[in-house]
Structures are given as structure tokens and as C-alpha cells.
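Q: Please take a close look at one part of this structure, the network of salt bridges. Which residues belong to the network, and where do they lie?

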Amino acid sequence: MRGGPGDAERRQRWGRLFEELDSNKDGRVDVRELRQGLARLGGGDPDRDAQQGISPEGDADPGGGLDLEEFSRYLQEREQRLLLLFHSLDRNQDGHIDVSEIQQSFRALGISISLEQAEKILHSMDRDGTMTIDWQEWRDHFLLHSLENVEDVVYFWKHSTVLDIGECLTVPDEFSEQEKLTGMWWKQLVAGAVAGAVSRTGTAPLDRLKVFMQVHASKTNKLNILGGLKSMIQEGGMRSLWRGNGINVLKIAPESAIKFMAYEQIKRAIRGQQETLHVQERFVAGSLAGATAQTIIYPMEVLKTRLTLRRTGQYKGLLDCAWQILEREGPRAFYRGYLPNVLGIIPYAGIDLAVYETLKNRWLQQYSHDSADPGIPVLLACGTVSSTCGQIASYPLALVRTRMQAQASIEGAPQLSMLGLLRHILSQEGVWGLYRGIAPNFMKVIPAVSISYVVYENMKQALGVTSSFEGRPALHGSWFPPPSAKPAMVG
């Protein structure tokens, strides 16, 4: 290294950083210490960045960490690369990166973001309030992250700041052209599908209890949670608690794939020449995509309800159930309850979206002044509350849908239309009758979210998905969102 005042200042700065990271004061920075430092900085992938940072070329003992000289050599190389990246993004070469240059960087990689979104990215790095990013701010923000090119920088921004405006069960993930070309998108979807399958299986007894109470609970029998569980176990044993789970897991993949493809097409038709969709347009596109997916896979929903409610020995399996329905009730039976199911998308999605955005933005305004990322715990809390509000609004339609799906298989049950069934429930059971089974539905939210998140994170590592928390495990046929977007809750 060349000497000089600038070099001396850099060495002092690197020495201070080394001392800060060397938490056990053994004179070396190991993977664990670097990972902890990266986690405090936020964004990126601490595990990957720490592993790559601790094993630079020329380190004779990567397992033992880096001493001060090795650490300084590594940071010198990092600064040189970051300076090249800074100049490549500073398109007008004025020594600062502004909002328009951030938008241009995204646009060059096929990702359109709004002015507001670009401002939030800039705010997360701008320490002096100038609404631009100078070299020092850029260097200090990215120094320890293993970014190699402009694509890496944009990918970092996309998955560690507020880019998406509130996700709900109807809005699938959006992926950049780079993610589509590299195949990262399908890995995220696979990870989400596996997490959803494990989550649904883990909470299947509560899901079956919900359907059981929706159909069989009434004022006269006063069926409650414990009574419902006892009744199901007495009829079919412990294994009966998982009836219907097989097809519930099976429909994750087709529903999500159809929703994703439909959303891409509808979004393109709505957007036209616009760079990005407004929140209302995303809501419309997502609702239409959800309706499209539901229309195609709805027969599986009917089969799921029938298999969930079946008595021991009633059906030999999925195909036998489908054949018996077709033979006895005709093809139209596979779309019983379709209308309330589609209508239920709108109140759930609208209220879920509005409440989530309100809670998240209120938290950011009051408690987050240095970052546009509220953090995973806050997002999960906002998502749980907003999903609960959405469920309360849409649950009556979900209950009517389930009863319409099941009524032909229940001896003595009236064969009513959607409005007829609503009137019947209100006259016989009152308003509370429209909320039969909502308690076990709420009970499964927290375990479902927890299971999904843990499984999803492990699946990402197994599949080599290097970004953090950018997809969403399937809970309601959706995926976990980017850090700013809404985690999908159980419905």
C-alpha cells in the first residue's frame, strides 16, 4: 500500500472497524463476529457475506479468521470495487447518486420503481440529509457486503428496503428479469411451496376443526373446540385430524403457479406505458389473478372440503371421492360455493391491505427514522393484525362457501343458494352463526406463520437462494413478501 495522509486515515478507520468487530478481543475477526456485525448493519445476506469476507484470497488460515493486516487488505480491495460501482451508478459523474439515478439503475435491469420507492432507498443511506448519496455514505453502507456488480447492488436494494406496497393473499411475488433469467424465482417459489406444505400439515387439525365447526356447529348442539376435537377423534382416531390435508397441500403448486402467471399478464395489461403500478392497480391485478386461479383450481377446493368432512370408509381416496361426486351430483357440484368464494377475495384483500399499510406506515413514522425497513417482527405483527381484520370481514362468505360445498353430502341438509343460505343462517342462528369455526381459524395463524418462516429460511439455504426474506411461504396459497411487503396470513 502507498503511504500518505489518505492512507493513514483509511488505516485508522479500518482499525476502528476491526476493534468494533473483534468482540472477544483475540486479535482476529472470525465468521461469527463478522456475521454479527453485518446483521447490525442490516440488509443483504449476513451468512454469505461473512463467509466470503472471512476467506479472501491470500488468507492462509480462513478458519481462524482475519488479523488486522489481512482485514485491512480485504477492505482495501472492497473499497476499490465499491468505487467502481459508485462511478457506474453516478451517471452524470457529479460525485453523488440521486433519486433519478437509482430509478435508472433499476430500470436498466427490467425493474420499475416509483419516485417514492427510490426516495425510501436513498433515505436509508443518506446520513447528512442532502437527499443524495456521496462516496463516503456509499462506502460505509456497503463496505462489508459482498457486492460484485450493479446487479448485486440493485438486488440488495430490492430485497432490503420498502419496494412493494403492501402484499395480501391475492398479490403474488414480483421478480426482476435477472431473477427470472438466473432461475432464482422458481427456487423462491419452491421454497415457499415446501414451507406451505409443512405449515399446512402442522396446522391441519385446526383447519379440519374449523371446517367441521363451520358445517356442523349450531345453536342446538353448541359444538365448541374441545367438543369438535373429541367428536372427530372418537369417529376416526387421531389420524382423522389430518383428513383433507393431502389435497390441501397438493393444490399449493397449481394455484400459486396460475396466480403468478395470471398476475404477470394482468399487470402488463393494466400498466401499459407506466413504469410501476399504483396500490389500487396492484389490488385490482392481484384480485383478478386470485379469481383466475380460484376458477381453475376450484374443484380441488370442493374435494378438499368433502375429504375433510368424510366419515371413516366413505371414500377410498381422492379419485374415488371425485368419481362419486361426478356420478351422484354431476359436474356442477365441483363449483358449489364458487360465487361466495370469489366475492370473499375483495373484502379480505382490501381490508387486509389497508390495515397492513396503515399499521406499517404508522410504525415507520413513529419509531423508524434511520431505515425504511421496519424489520421482520414488526411486519409479522402488522400482518397478523391486518389478516385478522380481513378474516373478520370475509369470514361469513367463507362459511357460506364451505356449507355450499358440503351440503349435498350431508343427509337432510337444505340445498340452498348463497343468498338462501345466508338468510337461513341468520334466521336460525343469528349473526354469530356466520362466524362458526373462526376461533380455530385464528388459533392457527401464529403456528402457521412460525412454521412457514423457519422452514422457508432452511429451504432457501438448501436451494441456494441468497437473498433474505424476499419470498413468502405459502400459507393461504401465497408467499412471504420482501421485508417491506406483507406476510401472507392463514385464512
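A: In this predicted model, a network of salt bridges links Asp 207, Lys 210, Lys 304 and Lys 444. As general background, side chains of opposite charge can pair when their charged atoms come close.

Consider first the pair formed by Lys 210 and Asp 207. Their side chains meet in a salt bridge, with a distance of 3.5 Å from N to O. Both residues belong to helix α11, which covers residues 204-216. Lys 210 and Asp 207 are three residues apart there, about one turn of the helix. Both of these residues are buried.

Asp 207 also forms a salt bridge with Lys 304, and the closest N and O atoms of this pair are 2.9 Å apart. Lys 304 lies in helix α15 (residues 279-309) whereas Asp 207 lies in helix α11, so this pair ties together parts that are 97 residues apart in sequence.

The burial of these two partners follows from their relative accessibility. Residues under 20% count as buried. Lys 304 has a relative accessibility of 8% and therefore counts as buried. Asp 207 has a value of 9%, so Asp 207 counts as buried too.

The structure as a whole holds nine salt bridges. One of them joins Arg 243 and Glu 235, with the closest N and O atoms 2.9 Å apart. In this pair, Arg 243 is buried at a relative accessible area of 11%, while Glu 235 is partly exposed at 37%.

Notes. Residues numbered from 1 in each chain as written. Predicted model: local features only at pLDDT ≥ 70, side-chain atom pairs only at ≥ 80, totals over all residues. Heavy atoms only, no water. Salt bridge = Lys/Arg side-chain N within 4 Å of Asp/Glu carboxyl O. Helix = DSSP H or I, 4+ residues; strand = E, 2+ residues; numbered from the N terminus. Buried < 20%, exposed > 50% of the residue type's maximum accessible area, 1.4 Å probe, protein only.
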